[in-house]
Amino acid sequence: MKIVIIGSGKVGSRLSHSLSKEGHDITIIDCNDEALKKIQDTQDVMCIVGNGADVDTQLEASVDKTGLLIATTPHDELNILCCLIAKRLGAKKTISRVRTPIYHKQIDLIKDDLHLSMVINPEYTTANEILRVLVFPPAAKLEIFAKGRFELVEYKLLENSNIVGKSLANIYKHNKIKCLICTVERDNKIYIPSGDFILQANDKINISASHRELEKFFKSLGSTKTKVKNVMIVGGGRICYYLTNQLLAMGMRVKIFEISLEKCKELAEKLPKATIIHGDGTDQELLMEEGLNEVDAFVSLTGIDEENIIMSLYVQNNSKAKIITKINRDSYHEITSQLGLDCVLSPKDLTVSSILSYVRSLDNTNSNIEALYHIVGNKAEAIEFRIRNDIPHLIGIPLRNVTLKKNILIGGIIRKREPIIPDGNTSIQIGDTVIVICKDYHFSDITDILD
């Protein structure tokens, strides 16, 4: 598909990289000549210097013949205008990044009038991701499928865990909990495990199950954590605003540290039930004075990755709080994992996953992609397919008789709202929602899993 991206910032450059790797014809438009040169040196994409809202610039990029235009500049109004112009020129689909809270609240009212196929808000998406982890503290990450009927949870095995040293077949037999360990990360290698796979301490595993079964699983491990009631947040940006709104609505107490006095005043006005502290959240004495020892969760959301990591490490050594760390640089994922920071989130990665899910859903005939998540540090994918048509060699055939590509696992099936953990006797039916876990592939249709 021909795709035009307006804006070569963090999200735009990451999107162009991911989409071009998947075989799409990518053109990037930006006024910043130097930023485009960097992209051109590392990616096989076409770059055009110019204003994305200029008709002549869009025509130079052949927007009139494009299947999708994605506007990711830092300015909401400019993004919306770019999409409006692209739609009038003939672009089939448009996606706009809209980040400002006041626009986000009312975007559903005018989305159709603006001819937007999709609206993406990285900060709101990140806030939702953080909220899910805070609601279920044992998880390092938690992804939701089939409108909450199925969940995929990332968890790091402790040395004293009662499943360390046991095979998956043995664990399933004795626990009798309807769950499936879908991936294991060990020594920077990713495994799609079979029944004879033996777990080791410090393995990072992804488990799929319904929420109720996941609670049973973690209870059997003895790793359930105290329900989160008090949350400390450092960094009063948009993510903080969206997250705090949701936490307060759930009855949690929130304390926010922000170094900018102007931002503090704004937050105090918009979030009157939260405690706003004008101060440097990297000041260790200040954190301790404000009750770091008593909080259930600590979330570092400043705009500087290094600060977020250092704060999280300090909290890790001085508190029992659930720690969530925001980063932007891809190179820091590995470092944070080595440092023992398991719950690390990137707004850029979450945004790219959402858009990739939409793009892949445009090119299939047998299934709809309902959701796509990059898991295990972006080394594997979890994809939710909705089965629409009969598919030879798959529908109605027991999974033990279905020939799948290597490194693929059917992580779960939802049928008539009921979650199913599949075994060899399970078969896929029309109307099912199927969760596929894979590495080394980029699937856009359920038939792609067949060998």
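**An antiparallel sheet and two loop residues with positive phi**

At 73% relative accessibility, K176 counts as exposed, because this value lies above the 50% over which a residue is classed as exposed. In this predicted model, K176 is placed in the loop that runs between α7 (168-175) and β9 (180-186), and its backbone adopts a positive phi of about 55 degrees although the residue is not a glycine. Most residues other than glycine have a negative phi.

A positive phi is also found at D187, with a value of about 50 degrees, and D187 is likewise not a glycine. This residue belongs to the loop between β9 and β10 (189-191). With a relative accessible area of 70%, D187 is exposed, so that β9 is followed by a loop containing an exposed residue with positive phi.

The strand β9 and the strand β10 are both part of an open sheet of 5 strands, arranged in the order β7-β8-β11-β9-β10 with antiparallel pairing. Because β7 (141-145) and β10 occupy the edges and each has a single partner strand, one side of each remains without a neighbour in the sheet. From one strand to the next, the twist averages 15 degrees.

Within this sheet, β8 (residues 150-156) and β11 (residues 204-209) are paired in the antiparallel sense, and the pairing extends over 6 bridges. One of the residues involved is K156, whose bridge partner in β11 is K204.

Notes. Residues numbered from 1 in each chain as written. Predicted model: local features only at pLDDT ≥ 70, side-chain atom pairs only at ≥ 80, totals over all residues. Heavy atoms only, no water. Helix = DSSP H or I, 4+ residues; strand = E, 2+ residues; numbered from the N terminus. Buried < 20%, exposed > 50% of the residue type's maximum accessible area, 1.4 Å probe, protein only. Pairing = 2+ DSSP bridges. Axes fitted to C-alpha atoms, helices over the stretch in contact; angles between N-to-C directions.
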